[in-house]
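Please report on one loop residue and on one parallel sheet. Keep it brief, and put the strand pairings in a table.

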Amino acid sequence: AYDGPATYSIVNRYSDTTGPLTIRQGRLVFDWNAGWGGTNVVVTGGTLALAAGAHESVLSRKADVDVSGEGKIEIGREQVRVRTLSVDGGVTLKDAGVYGGAEAGLDAAHTLECLSGAGTLKVSRNSREPQGVILIVR
């Protein structure tokens, strides 16, 4: 959990942790070749900044992202792929698609106040239920 009052930058480190990333205040920046491999990202205050030079998988493609309260995500990379996105603390999930802030130039339905920067989030699912295939062979 990042709960600092200032800016903290992570540079040239990729964390493959399985724990959650929680930002409550301050500004946490993933910069030059940095990233987070965990599957639970929660931003309830402050800013999570995904800089243009961050790792190509700055957030895991399996990440469930929850933004609420005063939380913001600043996207400097062209596109960051995640599994799910909620902007109300996990109560509802956004449909699969591409979302961004005003600078991303998307239509109104895909422009979110909690996102900023020229980059976008590509959301692959609107469900956190496990998906898979069952084959029965006789």
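In which loop is the place of Leu 93? Leu 93 lies in the loop between strand E11 (84-86) and strand E12 (97-100). The model is predicted.

Is Leu 93 buried or exposed? Neither label fits: its relative accessibility is 26%, so Leu 93 counts as partly exposed. Buried would require a value under 20%, exposed one over 50%.

Leu 93 has contacts beyond its neighbours within four places in sequence. Thr 84, Leu 85 and Ser 86 are among them. Asn 126, Ser 127 and Arg 128 also touch Leu 93. Asp 66 is 27 residues away from Leu 93 along the chain, with 8.9 Å between their C-alpha atoms.

Now the sheet. It is open, has five strands and pairs them in parallel. The order is E1-E4-E7-E9-E13. Strand E1 (7-10) and E13 form the edges, each pairing on one side only.

Strand E9 (residues 72-75) has two faces. Ile 73 and Ile 75 make up the covered face. Lys 72 and Glu 74 make up the uncovered one. In a regular strand, side chains alternate between the two faces of the sheet.

E9 runs parallel to strand E7 (residues 47-50), joined by four bridges. Two bridges join E9 to strand E13 (residues 115-116), also in parallel. Three residue pairs across these strands follow.

| Residue in E9 | Residue opposite |
|---|---|
| Lys 72 | Thr 47 |
| Ile 73 | Leu 115 in E13 |
| Ile 75 | Leu 50 |

Ile 73 and Ile 75, both on the covered face, stand opposite Leu 115 and Leu 50, respectively.

Conventions
Residues numbered from 1 in each chain as written. Predicted model: local features only at pLDDT ≥ 70, side-chain atom pairs only at ≥ 80, totals over all residues. Heavy atoms only, no water. Buried < 20%, exposed > 50% of the residue type's maximum accessible area, 1.4 Å probe, protein only. Contact = heavy atoms within 4.5 Å. Pairing = 2+ DSSP bridges.
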